[in-house]
Amino acid sequence: MQLRHRKNRAALLQKRNSMNNIANAKYKEPLVNEVGHQYNFQHLVFVTKYRYKMFRNPKTVEIIRNALYDASERHGMSIKEMSFGEDFAHVHMEVSIPNTMSISYAVQLLKEYLSYKVFREMPRHRLRYFQGHFWSVGYSNGSVGPRDENTLQNYIRRQNISGQLHLAV
């Protein structure tokens, strides 16, 4: 009877220790492919509120581009590709998000900072977006693996309107 009690107690302590180790883990191990590269790339698309064509103005495009790189650098993200959609109302990007950050939190950080910078550097945009919401409520994302990364980068490059802006001006 006493031996069985000790075995149960030992099994219970071992289970408790393993649960504590899981609960106290500081971070997840990054996903690494055969070559040793870390992949946590996301294809994100942000759309302006009411699909207003705000990216016809090259100054707005430049502010968004600089703010996006600044925000990603601040929060440990990196942008691999970025372009503005051909309807002048959305942004495509391939972003590497840290494994410790959720995608929705990363989107929240990026959208908040971008809105802040646009309204700060171009106060006239407040006339159109008087409530201070530059982006629409949702976003689109999809994970990008090593196999379909080139396909996505080509798609994002084809969406780019930067060349069109210089031709139109």
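# A tour starting from strand 3

Select strand 3 first: this strand is mostly covered, with seven of its seven residues buried, where buried means under 20% relative accessible area, exposed over 50% and partly exposed in between, computed with a 1.4 Å probe on protein chains only. The model is predicted, so local features need pLDDT of at least 70 and side-chain atom pairs count only at pLDDT 80 or more, while totals for chains, interfaces and linings use all residues. Residues are numbered from 1 along each chain as its sequence is written, and side-chain values use heavy atoms, with hydrogens and water left out.

Show the side chains of strand 3 and look at its two faces, both of which are covered: H90, H92, E94 and S96 are buried on one side, and V91, M93 and V95 are buried on the other. Helices (H or I, at least four residues) and strands (E, at least two) are DSSP runs, numbered from the N terminus.

Next, widen the selection to the sheet, which is open and has four strands in the order 2-3-1-4, with antiparallel pairing; two strands pair if DSSP finds at least two bridges between them. Strand 2 and strand 4 (140–144) are at the edges with a single partner strand each, so one side of each has no neighbour in the sheet. From one strand to the next, the twist averages 15°.

Stay with the neighbours of strand 3. Its antiparallel pairing with strand 1 runs over seven bridges, and V47 has H90 in strand 3 as its bridge partner. The antiparallel pairing of strand 2 and strand 3 runs over six bridges; here E81 stands opposite E94, and F84 stands opposite V91. Strand 2 and strand 3 form a hairpin with five residues between them, and F88, in the turn, has a positive phi of about 65°.

Now pick S83, which lies in strand 2 and counts as buried at 1% relative accessibility. Its side chain reaches the backbone oxygen of I156 at 2.7 Å. Leaving aside neighbours within four places in sequence, S83 is in contact with H90, V91, H92, I156, Q159 and N160, contact meaning heavy atoms within 4.5 Å.

Helix 2 is the next selection: it lies across strand 2 and strand 3, running at about 165° to strand 2, with axes fitted as lines to C-alpha atoms, for helices over the stretch in contact, and angles taken from 0 to 180 degrees between N-to-C directions. In the loop between helix 2 and strand 2, select G76, which counts as exposed at 52% relative accessibility. Apart from neighbours within four places in sequence, G76 is in contact with S96 and P98; G76 and P98 are 22 residues apart in sequence and 6.6 Å apart in space, C-alpha to C-alpha.

Finally, turn to the largest nonpolar core, where F46, F55, I64, M93, F134 and W135, of 32 residues, touch the most other members. Such a core is a set of buried Ala, Val, Leu, Ile, Met, Phe, Trp, Tyr and Cys residues joined through side-chain atoms within 4.5 Å. Two or more residues each come from strand 1 (41–47), helix 2 (58–74), strand 2 (78–84), strand 3 (90–96) and helix 3 (103–121), and helix 3 gives the most, with eight. Colour helix 3 by burial and its buried residues, including V107, L110, L114 and V118, can be followed to where they pack against strand 1, helix 2 and helix 4 (125–128).

How values were computed: A polar contact is a pair of N or O atoms within 3.5 Å; within protein, one must be able to donate a hydrogen and the other to accept it, and residues adjacent in sequence count only if both atoms are side-chain atoms.
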